[in-house]
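Biologist: I should like to understand how the terms applied to this model are justified. Could we take them one at a time, setting each value against its criterion?

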Amino acid sequence: MKRVGAVINAMIEYYSGDIKRINHFMKVYGFAKAIGEMENLEETTQEILEVTAAVHDIGIKVSEEKYHSSAGHYQQIEGPAVAEKMLTALGYEKELIDRVCYLIAHHHTYSNMDGLDYQILVEADFLVNLNEDKVSAEGIKKVKENIFKTKTGLSFLNNCFGE
Ligand SMILES: [Fe+2]
């Protein structure tokens with residue numbers, strides 16, 4: 001497993017000057033890494049999860065420039081190409097890049113979460129967004145019932161937002 005520092009370095013350079021976006025993906029990365037380790041993911045899945053958490057919102061920059069919108073729909077269209085270029089330059093293999101790009105394109109879709117990498121990425125993004133978007137207690141309860149599945153993700157959710 002390659003260390004993810006070089007990916008984070010590239011993402012911080014890519015989002016230079018935008019502390020809000022940088023803070024967001026650093027928080028998602030931290031939660032995702034910890035949940036993955038606590039859930040005993042096998043090495044390849046853990047690597048895919050960590051890389052994806054760092055780059056999951058990579059499409060926002062191009063979406064804002066092209067469409068003046070950060071809507072999930074545009075991110076899904078624009079994100080994978082930018083990620084593919086960045087990860088290829090960093091020496092990642094096509095197989096890993098393909099899965100990372102799939103997850104970038106689907107991380108706003110909550111049906112058919114077809115793997116623990118997908119499930120944990122979504123949980124980590126929610127742990128951050130529920131706070132950043134100041135979601136109500138009722139909204140948090142719905143997310144808990146409908147989205148969260150892993151034991152660790154649920155524990156983090158309960159400890160962060162109360163049961
Ligand atoms: Fe996000």
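Biologist: What makes the arrangement of the four donor atoms around the iron ion irregular?

Modeller: In this predicted model, the four donor atoms subtend angles of 83 to 172° at the iron ion. A tetrahedral site would need all angles between 85 and 135 degrees, and the range of 83 to 172° does not fit, so the arrangement is irregular.

Biologist: Which residues are the protein donors of the iron ion, and how do you know that they count as donors?

Modeller: They are His-24 and His-56, each through NE2, and Asp-57 and Asp-125, each through OD. These donors lie 2.2 to 2.4 Å from the iron ion, and the cut-off is 2.8 Å, so they qualify. Along the chain, their spacing reads H-x31-H-D-x67-D. Asp-57 is in the loop between α3 and α4, whereas Asp-125 belongs to helix α7, so this pair ties together parts 68 residues apart in sequence.

Biologist: Why is α2 called roughly antiparallel to α3?

Modeller: The axes of helix α2 (residues 19-38) and helix α3 (residues 43-55) cross at roughly 165° and come within 8 Å. Angles over 145 degrees count as roughly antiparallel, so α2 and α3 receive that description. Their crossing is right-handed. Among the residues making the contact are Phe-25, Val-28 and Tyr-29 of α2, together with Leu-49 and Ala-53 of α3. By class, this contact of α2 with α3 has seven nonpolar, two polar and three charged residues.

Biologist: What makes α5 roughly antiparallel to α6?

Modeller: Helix α5 (residues 72-89) and helix α6 (residues 94-106) have axes that cross at roughly 155°. That value is set against the limit of 145 degrees, and α5 is therefore roughly antiparallel to α6. The crossing of α5 and α6 is also right-handed. Where they meet, α5 contributes residues including Gly-79, Pro-80 and Ala-83, and α6 residues including Ile-97, Val-100 and Cys-101. The contact of α5 with α6 divides into eight nonpolar, three polar and one charged.

Biologist: Why, then, are α1 and α5 called oblique to each other?

Modeller: The axes of helix α1 (residues 5-14) and α5 come within 11 Å and cross at roughly 130°. This angle is not over 145 degrees, nor is it within 65 to 115, so α1 and α5 are oblique to each other. The crossing of α1 and α5 is right-handed. Val-7, Ala-10, Met-11 and Tyr-14 of α1 make the contact with Val-82, Met-86 and Leu-87 of α5. The residues of this contact divide into seven nonpolar, no polar and no charged.

How values were computed
Residues numbered from 1 in each chain as written. Predicted model: local features only at pLDDT ≥ 70, side-chain atom pairs only at ≥ 80, totals over all residues. Heavy atoms only, no water. Axes fitted to C-alpha atoms, helices over the stretch in contact; angles between N-to-C directions. Helix = DSSP H or I, 4+ residues; strand = E, 2+ residues; numbered from the N terminus. Parallel < 35°, antiparallel > 145°, perpendicular 65-115°, else oblique. Left-handed = near helix turned anticlockwise from the far one by under 90°. Contact = heavy atoms within 4.5 Å. Nonpolar A, V, L, I, M, F, W, Y, C, P; charged D, E, K, R; others polar. Donors = N, O, S within 2.8 Å, 3.2 Å for Na, K, Ca; no water. Tetrahedral: all angles 85-135°; square planar, octahedral: opposite > 155°, others 65-115°.
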